[in-house]
There are 2 protein chains.
Amino acid sequence: MLDERKKKILQALITDYISTAEPIGSRTIARKYDLGVGPATIRNEMADLEMLGYIEQLHTSSGRIPSAKGYRFYVDSLLAPEQVTDNEKVLINNWYEAKARRVEEVFQETAKILSRMTRNISMVLAPQFSQCIFKYLQFLPLDEHRVILVIVTDTGFIENKVISFPEGMLFEDLQQIAGRINSRLAGLSFDKIKASILREIKENILQDPRLFDSTLQVLREALTVSKSDRVYLGGTTQLLSQPEFRDVDKVKGLLNILEQDKLLRDIMHVTEKDGILVRIGEENKYIGIQECSMVQATYAIEGQVVGAIAVLGPTRMEYGKVMAILEFMHSHLGEILKKYKV
Amino acid sequence: MLDERKKKILQALITDYISTAEPIGSRTIARKYDLGVGPATIRNEMADLEMLGYIEQLHTSSGRIPSAKGYRFYVDSLLAPEQVTDNEKVLINNWYEAKARRVEEVFQETAKILSRMTRNISMVLAPQFSQCIFKYLQFLPLDEHRVILVIVTDTGFIENKVISFPEGMLFEDLQQIAGRINSRLAGLSFDKIKASILREIKENILQDPRLFDSTLQVLREALTVSKSDRVYLGGTTQLLSQPEFRDVDKVKGLLNILEQDKLLRDIMHVTEKDGILVRIGEENKYIGIQECSMVQATYAIEGQVVGAIAVLGPTRMEYGKVMAILEFMHSHLGEILKKYKV
DNA sequence: TGTTAGCACTCCTCTCGATAGAGTGCTAAC
DNA sequence: GTTAGCACTCTATCGAGAGGAGTGCTAACA
């Protein structure tokens with residue numbers, strides 16, 4: 001365990017590095033932070049901290065920078081919890097009032113707010129359809145050969161697709177079919193609607209395979225990837241202001257990842273854990289972001305976790321501030337979303 | 001007017017610059033392109049071309065690069081029309097088959113195809129709701145206090161929103177209201193549904209102002225910006241591979257623009273002109289992309305222009321190839337989209 | 001008259017070495 | 001245990017010089 005002075009030195013070093021992005025020497029720490037000891041003492045302590053793996057040196061005559069282990073210790077033990085100020089809360093609410101007119105825009109604007117406030121990349125995973133509960137489906141007439149199949153969830157999300165229906169079938173037949181499917185599926189969450197149930201429907205309810213295939217496809221899509229499964233991004237340009245991304249090749253690597261929707265959904269995959277999760281450097285599973293840190297939180301509607309929000313940036317990140325903002329959004333986003341469903 | 005030899009030299013120079021991104025000297029042209037004259041002659045011609053404003057010199061002892069005027073002349077008069085190969089056509093069709101399951105994905109994948117094939121940024125403006133024709137609206141029950149308002153267009157696009165309805169009102173009342181609104185609006189395109197008509201509806205059909213406000217809002221949103229109005233982007237990372245964007249600050253400027261949805265919609269605003277439009281450098285209205293060129297085309301469904309596709313890249317762009325691909329997509333995308341509506 | 005070879009000139013870019021500066025580790029003294 | 005002093009290491013920066021690419025001009029040639 002680190003003694004008090006080592007902790008103070010580590011804290012000073014990390015704080016300084018976070019704001020300057022420059023390696024810090026013993027003299028700088030002695031001058032900037034009043035620890036009551038001279039630079040030589042700090043030098044000795046820093047040598048110890050390096051031995052223990054909390055800080056690193058790029059070359060013999062450079063200052064020290066925090067290691068991943070150092071950041072981890074900082075986040076776990078040194079960080080003073082911060083809070084979003086009342087002023088900021090008002091600003092956030094006003095922002096939503098002014099810019100978000102529809103549910104999708106809430107996600108988009110949340111991403112923007114997160115990236116503006118943290119000056120980092122933000123990611124918002126919209127509620128996952130698969131966790132919603134099937135309420136009913138309905139066919140809406142379009143023309144002689146086509147109908148729109150609409151699937152409604154209990155939260156009011158909608159999934160729809162235009163499908164054609166076979167010659168000779170009457171719209172009334174479709175309504176009857178819808179009624180039967182509804183009574184079978186009503187109240188089930190989408191991740192419970194498995195292939196077996198669909199097969200059952202096929203055999204017992206739907207006679208015409210062509211219609212079935214279309215309907216089945218829509219249901220299946222609703223089960224897997226749908227528009228509500230989208231990851232909204234914000235502030236990718238923030239990246240370019242960070243000194244660690246002065247190199248175009250590094251930027252390219254990261255942007256490449258952010259362009260892959262599938263990968264993003266994977267990265268954002270909602271964890272059971274209902275709190276704030278900090279992944280530092282190589283703690284991230286995905287190779288391309290292992291030089292970054294990611295702070296992630298879930299959000300819930302009526303107690304049920306439905307999606308996630310996250311901030312991605314260099315390991316040299318203002319963890320305190322980022323965590324405070326995510327903490328606030330974690331508990332606040334659900335309410336905001338509820339508003340938009342009324 | 002340029003004589004034949006000047007044209008050949010200009011063409012050689014631009015072709016070379018497009019593939020190498022390096023200024024080209026007289027000796028290089030003489031060696032690489034067999035024009036039957038020596039470098040000294042080419043030097044003289046190049047001096048003339050520079051006088052006339054077709055090419056530029058960065059400093060006294062550098063080679064020449066094309067100017068905007070040079071590119072313009074190249075595009076208008078020198079470029080041999082190219083065609084998408086049959087092989088490429090097959091690849092494109094397979095791509096759609098494999099990746100696009102829903103209409104939105106067609107746009108997304110179109111953007112991807114465009115960026116992959118051109119190695120530049122691509123933009124796809126999805127069909128504008130405002131140009132669609134209102135078919136009908138319908139209320140779907142959700143719970144005791146809320147219904148889903150669904151607006152259906154003749155092309156099968158759907159706009160929906162959850163709205164609450166006043167105490168004491170019956171669902172049957174809503175259906176009656178829907179019927180009346182439908183008979184008033186049916187067959188009108190959304191850009192014809194103006195405030196005056198909405199007011200008329202308010203006075204003659206809807207009694208309860210609260211309900212009206214919600215309904216009105218949805219209609220209004222359908223008239224302005226909706227999800228189908230989105231601009232899909234592809235290949236922003238391609239940018240970073242281009243030597244002209246080696247400088248992080250330039251990248252930042254451009255990405256900043258691409259992050260602003262509104263601006264994108266503006267840039268992509270569908271032109272009346274139904275063909276391929278090339279904007280070179282400062283011919284672009286928006287300041288941030290004035291170091292770039294943009295090639296844009298429309299696409300149509302059943303003869304009606306509904307959206308636009310574009311490729312954005314450095315002025316040093318393979319115009320021939322880009323135009324060929326856009327030309328193909330221009331005439332092909334409509335068909336692809338029709339498939340997804342059946 | 002148009003074309004070409006030759007040559008001096010300009011300007012950029014790369015490399016090398018010297019220098020200044022930051023920071024360290026070690027030792028000896030407090 | 002702490003500190004001052006000092007030699008040492010490594011980096012970043014700057015300028016000089018060499019090398020190279022390309023030009024414009026002139027004079028000669030077909």
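Which residues that surround DNA strand C are the closest? In this predicted model, they are A:S26, B:R5, B:G38, B:T41 and B:T60, out of 21 residues that surround the strand.

**View 1. What sits around DNA strand C.** The residues of this surface break down into 14 polar, four charged and three nonpolar. If you look at the strand's own atoms within 4 Å of the protein, 76% are sugar or phosphate, and bases supply the rest.

**View 2. Polar pairs at DNA strand C.** Zoom in on B:R5: an N or O atom in its side chain is 2.6 Å from a phosphate oxygen of the strand. A:R43 goes for a base instead, with a polar side-chain atom 3.1 Å from a base nitrogen. A:S61 uses its backbone, placing an N or O atom 3.4 Å from a sugar or linking oxygen. As for elements that give two or more residues here, they are α3 (39–51) of chain A and α3 (39–51) of chain B. α3(B) gives the most, with four residues.

**View 3. What sits around DNA strand D.** Here 20 residues surround the strand, and A:R5, A:T41, A:T60, A:S61 and B:S26 come nearest. The tally is 13 polar, four charged and three nonpolar. Of the strand's atoms within 4 Å of the protein, 77% belong to sugar or phosphate, with the rest in bases.

**View 4. Polar pairs at DNA strand D.** The side chain of A:T41 has an N or O atom 2.2 Å from a phosphate oxygen. Two base contacts join the picture: A:S61 has a polar side-chain atom 2.9 Å from a base oxygen, and B:R43 has a side-chain N or O atom 3.1 Å from a base nitrogen. α3 of chain A and α3 of chain B are the elements giving two or more residues to this surface, and α3(A) gives the most, with four.

How values were computed
Residues numbered from 1 in each chain as written. Chains lettered and ligands numbered in written order. Predicted model: local features only at pLDDT ≥ 70, side-chain atom pairs only at ≥ 80, totals over all residues. Heavy atoms only, no water. Near = heavy atom within 4 Å. Polar contact = N/O pair within 3.5 Å; in protein donor to acceptor, adjacent residues only side chain to side chain. Nonpolar A, V, L, I, M, F, W, Y, C, P; charged D, E, K, R; others polar.
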